[in-house]
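Please work through the following exercises with the sequence and the model side by side, trying each task before reading its solution.

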Amino acid sequence: MRRKHRRPEAVADLDITAFMNLMIVLVPVLLINLVFSQTSVLNLNLPESAANSAQDNKDQLQLQVMILEEQLVIADNKGGVIMQIPKQAEGEHDYKTLALAMQDIKARVPEKKDITLLPQESTSYQTLVSVMDKVRSYKTVVAGSVVNAELFPDISIADAPEIIPAGGAQ
């Protein structure tokens with residue numbers, strides 16, 4: 001009969017050098033990304049339903065900014081179009097004029113806090129965010145420091161109305 005000799009198992013050392021090397025590289029990369037990827041959350045509201053809003057908002061001023069392909073249109077429910085801001089020669093919307101128009105409107109109706117943005121389906125996300133930033137606040141100097149002054153912080157988003165060309169639908 002043959003005897004089996006069992007060799008005593010050697011205690012395996014866990015080699016964590018590769019894991020530690022990975023952590024040494026990964027931690028600084030994540031910390032750097034944390035600095036560059038700051039996110040902000042903006043609360044948005046859906047426009048009120050037509051039944052509720054029709055009765056309540058007959059006398060209230062409703063501001064709207066339509067984001068169209070070739071221009072930005074500032075309008076209200078009282079007198080219609082307030083201002084049309086065509087695209088600049090470089091092909092971008094004129095956000096500076098939009099900000100100035102929003103400041104002018106805020107000076108006339110300081111109690112107004114809500115506005116509705118009406119982007120088209122083809123509006124880029126960056127354009128929508130840029131318009132939201134311009135209608136929400138602006139930078140001003142108060143007592144020697146730059147602060148964000150409030151314009152219309154309650155932003156609602158809806159679809160822009162479909163514009164039919166002057167020749168009509170074909």
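**Exercise 1.** Is D114 buried, partly exposed or exposed, and what is its relative accessible area?

*Solution.* The model is a predicted one, in which local features need pLDDT of at least 70 and side-chain atom pairs count only at pLDDT 80 or more, whereas totals for chains, interfaces and linings use all residues. Residues are numbered from 1 along each chain as its sequence is written, and side-chain values use heavy atoms, with hydrogens and water left out. For the classes, buried means under 20% relative accessible area, exposed means over 50%, and partly exposed lies in between, with a 1.4 Å probe and protein chains only. D114 has a relative accessible area of 34% and is therefore partly exposed.

**Exercise 2.** Find the side chain that D114 meets in a salt bridge, then examine two further salt bridges of the chain.

*Solution.* A salt bridge requires a side-chain nitrogen of Lys or Arg within 4 Å of a carboxyl oxygen of Asp or Glu.
- Step 1: the partner of D114 is K112, at 2.8 Å from N to O, and K112 is buried, its relative accessible area being 10%.
- Step 2: K113 and E150 also form a salt bridge, at 2.6 Å from N to O. This pair links distant parts of the chain, with K113 in the loop between α3 and β5 and E150 in strand β7 (residues 145-150), 37 residues apart. Both partners are partly exposed, K113 at 38% and E150 at 41%.
- Step 3: D133 pairs with R136, their closest N and O atoms being 2.9 Å apart. The two residues are separated by about one helical turn because they stand three residues apart in helix α4. D133 is partly exposed at 35%, and R136 is partly exposed at 27%.
- Step 4: a search of the whole structure finds four salt bridges, among them the pairs K112 with D114, K113 with E150 and D133 with R136.

**Exercise 3.** Describe the order of the secondary structure elements along the chain.

*Solution.* Helices (H or I, at least four residues) and strands (E, at least two) are DSSP runs, numbered from the N terminus. The chain contains four helices and eight strands, and from the N terminus on they follow the order α-β-α-β-β-β-α-β-α-β-β-β.

**Exercise 4.** Which elements each supply at least two residues of the largest nonpolar core?

*Solution.* A nonpolar core is a set of buried Ala, Val, Leu, Ile, Met, Phe, Trp, Tyr and Cys residues joined through side-chain atoms within 4.5 Å.
- Step 1: the largest such core has 21 residues, and those with the most contacts inside it are V65, L98, M102, V131 and V135.
- Step 2: the elements that each give at least two residues to this core are β2 (63-67), β3, α3 (95-108), β5 (114-119) and α4 (125-136). Helix α3 gives the most, with five residues.
- Step 3: a second, separate core has five residues, including M66, L68, L118 and A160.
- Step 4: for M102, where contact means heavy atoms within 4.5 Å, the residues touched are V65, I74, I115, K134, V135, L151 and F152, not counting residues up to four places away in sequence.

**Exercise 5.** What is the nearest side chain of opposite charge to D76, and how far away is it?

*Solution.* Lys and Arg count as positive and Asp and Glu as negative, while His and the chain ends are not counted. D76 lies in strand β3 (residues 71-76). Although D76 is buried, it has no salt bridge, and the nearest side chain of opposite charge is R108, 7.2 Å away. Not counting residues up to four places away in sequence, D76 touches L61, Q62, L63 and I82.

**Exercise 6.** Where does A143 lie, and what is notable about its phi angle?

*Solution.* A143 is found in the loop between β6 (137-142) and β7. Phi of A143 is near 55°, a positive value in a residue other than glycine. With a relative accessible area of 85%, A143 is exposed.

**Exercise 7.** How far apart are T123 and E69 in sequence and in space?

*Solution.* T123 belongs to the loop between β5 and α4. T123 and E69 are 54 residues apart in sequence and 7.3 Å apart in space, taken C-alpha to C-alpha. Leaving aside neighbours within four places in sequence, T123 is in contact with I67 and L128.
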